[in-house]
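Work through the exercises below with the structure open beside you. Try each task before reading its solution.

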Amino acid sequence: SGLPTALRDLDRKLGGLHRSDLIILAGRPSMGKTALALNVAFNVAKARLRFSQGQGGGDRPEGGIVAFFSLDMSSEQLATRLLSDHAEIESSKIRRGDIHKSEYERLIDASRDLQQLPLHIDETGGISIGQLMARARRLERTHGLDLIVVDYLQLVTSSNRRSEGRVQEVS
């Protein structure tokens, strides 16, 4: 009933993503948290693009408009990950420029596809909760917004000078 992530097992467990949900991905370093969050954001945005192009399956809007706040990685790194996944080319080959002509053409096609996605990436590091909320509200007003992903919640700073403790700040 919620916003599908296109990850069947996750959708089966959660019933999709719901407006009131706060879902936290936790794990040890280099376990794939960012990759999973980016895949969810990409899949939701891709479903919305397909629906807006008339390729959806019904009258009800599919997918959603996504804001991805990355406090840890640059938008260039995230874009390389997305391009790599979408074009099915190893990211290390893209970084080294060690790609063949056919792979280059797949990269161009993938970049055109990604450019159309309703996926907005904000790479501002050290952003405060207040700034994050203001940017999300601006996106909501200008484009609409169905999903917000914050990569590396621990790097969000407090917009509040009082020392309430980190648990209260994150709450």
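The exercises go from the whole chain to its cores, its surface and its charged pairs. Keep in mind that this is a predicted model.

**Exercise 1. Overall build**

Task: Find how many helices and strands the chain has, and check its radius of gyration against that of a compact globule.

Solution:
- Step 1. Count the elements. The chain has seven helices and three strands.
- Step 2. Put them in sequence order. The pattern reads α-α-β-α-α-α-β-α-β-α.
- Step 3. Take the extents. The C-alpha trace spans about 55 × 45 × 30 Å along its principal axes.
- Step 4. Compare with the globule rule. For 171 residues, a compact globule would have a radius of gyration near 16 Å. The chain has 17 Å, which agrees.
- Step 5. Look at contacts with a separation of 6 or more. Residues 24 or more positions apart account for 64% of them.

**Exercise 2. The nonpolar cores**

Task: Which residues of the largest nonpolar core touch the most other members, and which element gives the most to this core?

Solution:
- Step 1. Start from burial. Of the 171 residues, 33% count as buried, which here means under 20% relative accessible area.
- Step 2. Find the hubs. The largest nonpolar core holds 26 residues, and Val-66, Phe-68, Leu-117, Leu-119, Leu-147 and Val-149 touch the most other members.
- Step 3. Assign the core to elements. Helices H2 (33-52), H3 (75-87) and H5 (101-116) each supply at least two residues, as do strands E1 (66-70) and E3 (147-151). H2 gives the most, with eight residues.
- Step 4. Zoom in on one hub. Leaving out residues up to four places away in sequence, Val-149 touches Ala-37, Ala-41, Val-66, Ala-67, Phe-68 and Phe-69.
- Step 5. Look beyond this core. Apart from it lies another core of ten residues, including Leu-71, Leu-139, Leu-145 and Val-156.

**Exercise 3. Nonpolar groups on the surface**

Task: Locate the nonpolar surface patch that includes Leu-10, and decide whether Leu-10 is buried, partly exposed or exposed.

Solution:
- Step 1. List the patch. Leu-10, Leu-14, Ile-23, Leu-25 and Leu-36 make a nonpolar surface patch of about 370 Å².
- Step 2. Place Leu-10. It lies in helix H1 (residues 8-14).
- Step 3. Classify Leu-10. Its relative accessibility is 31%, so it counts as partly exposed.
- Step 4. Set the scene. The accessible surface of the chain comes to about 11300 Å², and 49% of it belongs to carbon and sulfur atoms.

**Exercise 4. Salt bridges**

Task: Where do the partners of Arg-12, Glu-103 and Asp-109 lie?

Solution:
- Step 1. Recall the principle. Side chains of opposite charge can pair when their charged atoms come close.
- Step 2. Get the count. The chain has six salt bridges.
- Step 3. Take Arg-12. It bridges to Asp-9, with the closest N and O atoms 2.8 Å apart. Both lie in helix H1, three residues apart, about one turn of the helix. Both are exposed.
- Step 4. Take Glu-103. Its side chain meets that of Lys-93 at 2.9 Å, N to O. Glu-103 lies in H5 and Lys-93 in H4 (residues 91-96), so the pair ties together parts ten residues apart in sequence.
- Step 5. Check burial for this pair. Glu-103 counts as buried at 11% relative accessibility. Lys-93 is buried too, at 17%.
- Step 6. Take Asp-109. It forms a salt bridge with Arg-112 at 3.5 Å, N to O. Both lie in helix H5, three residues apart. Asp-109 is partly exposed, with a relative accessible area of 42%.

Notes: Residues are numbered from 1 along each chain as its sequence is written. This is a predicted model: local features need pLDDT of at least 70, side-chain atom pairs count only at pLDDT 80 or more; totals for chains, interfaces and linings use all residues. Side-chain values use heavy atoms; hydrogens and water are left out. A nonpolar core is a set of buried Ala, Val, Leu, Ile, Met, Phe, Trp, Tyr and Cys residues joined through side-chain atoms within 4.5 Å. Buried means under 20% relative accessible area, exposed over 50%, partly exposed in between (1.4 Å probe, protein chains only). Helices (H or I, at least four residues) and strands (E, at least two) are DSSP runs, numbered from the N terminus. Contact means heavy atoms within 4.5 Å. Patches are made of residues with over 30% relative accessible area and no salt bridge: like charges are joined within 9 Å, nonpolar side chains (Val, Leu, Ile, Met, Phe, Trp, Tyr) within 5 Å. Accessible areas come from the Shrake-Rupley method with a 1.4 Å probe; for residues, only the protein chains shown count as cover. A salt bridge is a side-chain nitrogen of Lys or Arg within 4 Å of a carboxyl oxygen of Asp or Glu. The radius of gyration is taken over C-alpha atoms; the globule rule is 2.2 Å times the number of residues to the power 0.38.
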